[in-house]
Amino acid sequence: VQLQASGGGLVQAGGSLSLSCAASGNLFSINVMDWYRQAPGKQRELVAAITSGGTTNYGDSVKGRFTISRDNAKNTVYLQMNSLKPDDTAVYYCRAEVTATPSSRQHDYWGQGTLVTVSS
């Protein structure tokens, strides 16, 4: 199982960016898919999560600005980030709870991270 994240970059404060993360490999089922971020010198924190049924959860600092969505047919999770602030600068990681085969247990898999830089 692999997660490939893309879409990071440099944007001015107030701007928007969209991230995507596609899962590939043996994917019998995917439960929760989510985005975390880690800024320099800080702990990794949850940005947003979405279940296979579409239930979402957001970190307090991004509520009302970020939107998480997923396409189950494409095994892909998206993060639309609006009204970006310099404090949103971080490496963003996607994660997925994957059951690879009908007889295997669920495991967590992480993408490689994509850098988002918001300039003031």
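Q: Leaving aside neighbours within four places in sequence, which residues is Tyr-92 in contact with?
A: This is a predicted model, where local features need pLDDT of at least 70, side-chain atom pairs count only at pLDDT 80 or more, and totals for chains, interfaces and linings use all residues. Residues are numbered from 1 along each chain as its sequence is written, and side-chain values use heavy atoms, leaving out hydrogens and water. Contact means heavy atoms within 4.5 Å. With those neighbours set aside, the partners of Tyr-92 are Leu-19, Trp-35, Tyr-36, Arg-37, Val-47, Phe-66, Leu-79, Met-81, Gly-113, Thr-114 and Val-116.

Q: Which strand supplies the largest share of the largest nonpolar core?
A: A nonpolar core is a set of buried Ala, Val, Leu, Ile, Met, Phe, Trp, Tyr and Cys residues joined through side-chain atoms within 4.5 Å; buried means under 20% relative accessible area, exposed over 50%, partly exposed in between (1.4 Å probe, protein chains only). The largest one here has 29 residues. Strands are DSSP runs (E, at least two residues), numbered from the N terminus. Five core residues, the largest share, come from β9.

Q: Which cysteines form a disulfide?
A: A disulfide is a pair of cysteine sulfur atoms within 2.5 Å, and the count here is one. The sulfur atoms are 2.0 Å apart in the pair Cys-21 and Cys-94.

Q: Is Asp-88 buried or exposed?
A: Asp-88 meets Arg-37 in a salt bridge at 2.9 Å, N to O (a side-chain nitrogen of Lys or Arg within 4 Å of a carboxyl oxygen of Asp or Glu). Arg-65 also bridges to Asp-88, at 2.7 Å. With a relative accessible area of 1%, Asp-88 is buried.

Terms used: Helices (H or I, at least four residues) and strands (E, at least two) are DSSP runs, numbered from the N terminus.
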